[in-house]
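Student: I have a structure open and would like to go through it. Can we start with the aromatic rings?

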Amino acid sequence: MHQELPPVRRTYLRPRERPEGPSPWLVEFRERVDGYIAEIEEGQETEAAERGVTVADLPDLWEHEAAKEAARKTRTRTEIQGEIREMFGGNYAHMTLDTFEPQTEAQRTAMSGAREWIRAYAESVAALGPRPSDGALFFGRNRRGKTHLAVGMLREITSPLVTIRFANVPVFLDEMRQSFREGPGSRAGVLLQQCLDADVLVLDDLGQERPTEWVIDTLGHLVFRRHSKGLPIIVTTNMSIAEINNRADGRDNAAGVNLGAIYSRLREMCLDHAYYFDGEDFHAGNTT
């Protein structure tokens, strides 16, 4: 006798609902950034009130005081040469403006722009007046001469009145991590302070770092503080302008970590002096 089978019951899995809006981590990061900015603005308002000036007057006041302080704390030529040898040893030893040989029209334009930047900065130092706060951006594929020209600029601009610092971003962050592991008395604070205080800073190979929460906090503190003090940063990167704009505008969150505030500040500081490096491998193996 034929027996009817019960009807098959089908169970349909509902698609996983994705939460609306940004992730909690992203909200927290943005709140931290807003906190950094609010803290800086509050400090500026307090300082302006104490000095009897407006917040808009502070940058010129800081520049004038920095110039007077630099003139008081001059370094000898011997000390400067020692710093250069320590900072630019190994593969960096040959990198000067005189040894930079442009191969393309774009590289010649970058060289001309670098010399003009140096001239303007040196004139402001000689006059003990406000120094330019604009930095520069060198972008393009690796081994096209970006680092060579940036190092040459630092060598050219340093003087008894101008302090410099070169930081390859991946190496700098790795040194910071290693120092933190050493515990109390580590060099991490010294390394960061050197980059915070230098009159002119080069951040080399920006964009190669893995964007963890700690990395973003560290770079954010460095960039926001120098931006607020009007201290220039010269950036070298393999990223394109489109990639930088995507990060600055928040369209590229770099594996879930929002870099928008950092890259927005860097774009503001550097994009008026942005130079593309094309051409063939620039002295293969010696420069980026």
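Tutor: First, a definition: rings of Phe, Tyr and Trp pair if their centres lie within 6.5 Å. Also keep in mind that this is a predicted model.

Student: OK. Which residues form one aromatic cluster?

Tutor: One cluster is made up of Phe-100, Phe-138, Tyr-275 and Phe-277.

Student: And how many aromatic pairs does a search of the whole structure find?

Tutor: The search gives seven aromatic pairs. One pair to look at is Phe-138 with Tyr-275: the ring centres are 6.2 Å apart and the planes are at 55°, so this pair is tilted.

Student: Why tilted?

Tutor: Planes under 30 degrees apart count as stacked and those over 60 as edge-to-face, with the rest tilted. The planes of Phe-138 and Tyr-275 are at 55°, so the pair falls in that remaining group.

Student: Where do Phe-138 and Tyr-275 lie?

Tutor: Phe-138 is in strand E1, residues 136-140, and Tyr-275 is in strand E5, residues 274-277. The pair therefore ties together parts that are 137 residues apart in sequence.

Student: Is Phe-138 buried or exposed? What about Tyr-275, buried or exposed?

Tutor: Phe-138 has 0% relative accessibility and counts as buried. Tyr-275 has a relative accessible area of 16%, and it is buried because the cut-off is under 20%.

Student: New topic. How many residues has the largest nonpolar core?

Tutor: That core has 35 residues, and Phe-172, Ile-262 and Tyr-263 have the most contacts inside it. Leaving aside residues up to four places away in sequence, Phe-172 touches Ala-167, Leu-191, Leu-192, Cys-195 and Thr-218. There is also a second, separate core of 31 residues, which includes Leu-149, Phe-166, Val-200 and Tyr-275.

Student: You mentioned a cysteine. How many disulfides does the structure hold?

Tutor: Zero. As for individual cysteines, Cys-195 counts as buried at 2% relative accessibility, and Cys-270 counts as buried at 1%.

Student: Now the whole chain. How many helices and strands are there?

Tutor: The chain has 10 helices and five strands. It is 288 residues long, and 42% of them count as buried.

Student: What supplies the area that the chain exposes?

Tutor: About 16,300 Å² is exposed, and carbon and sulfur atoms supply 50% of that.

Student: Last one: how many of the contacts join residues at least 24 apart?

Tutor: Among contacts between residues at least 6 apart in sequence, 80% join residues at least 24 apart.

Note on methods: Residues are numbered from 1 along each chain as its sequence is written. This is a predicted model: local features need pLDDT of at least 70, side-chain atom pairs count only at pLDDT 80 or more; totals for chains, interfaces and linings use all residues. Side-chain values use heavy atoms; hydrogens and water are left out. A nonpolar core is a set of buried Ala, Val, Leu, Ile, Met, Phe, Trp, Tyr and Cys residues joined through side-chain atoms within 4.5 Å. Buried means under 20% relative accessible area, exposed over 50%, partly exposed in between (1.4 Å probe, protein chains only). Contact means heavy atoms within 4.5 Å. A disulfide is a pair of cysteine sulfur atoms within 2.5 Å. Helices (H or I, at least four residues) and strands (E, at least two) are DSSP runs, numbered from the N terminus. Accessible areas come from the Shrake-Rupley method with a 1.4 Å probe; for residues, only the protein chains shown count as cover. Rings of Phe, Tyr and Trp (its six-membered ring) pair if their centres lie within 6.5 Å; planes under 30 degrees apart count as stacked, over 60 as edge-to-face and the rest as tilted.
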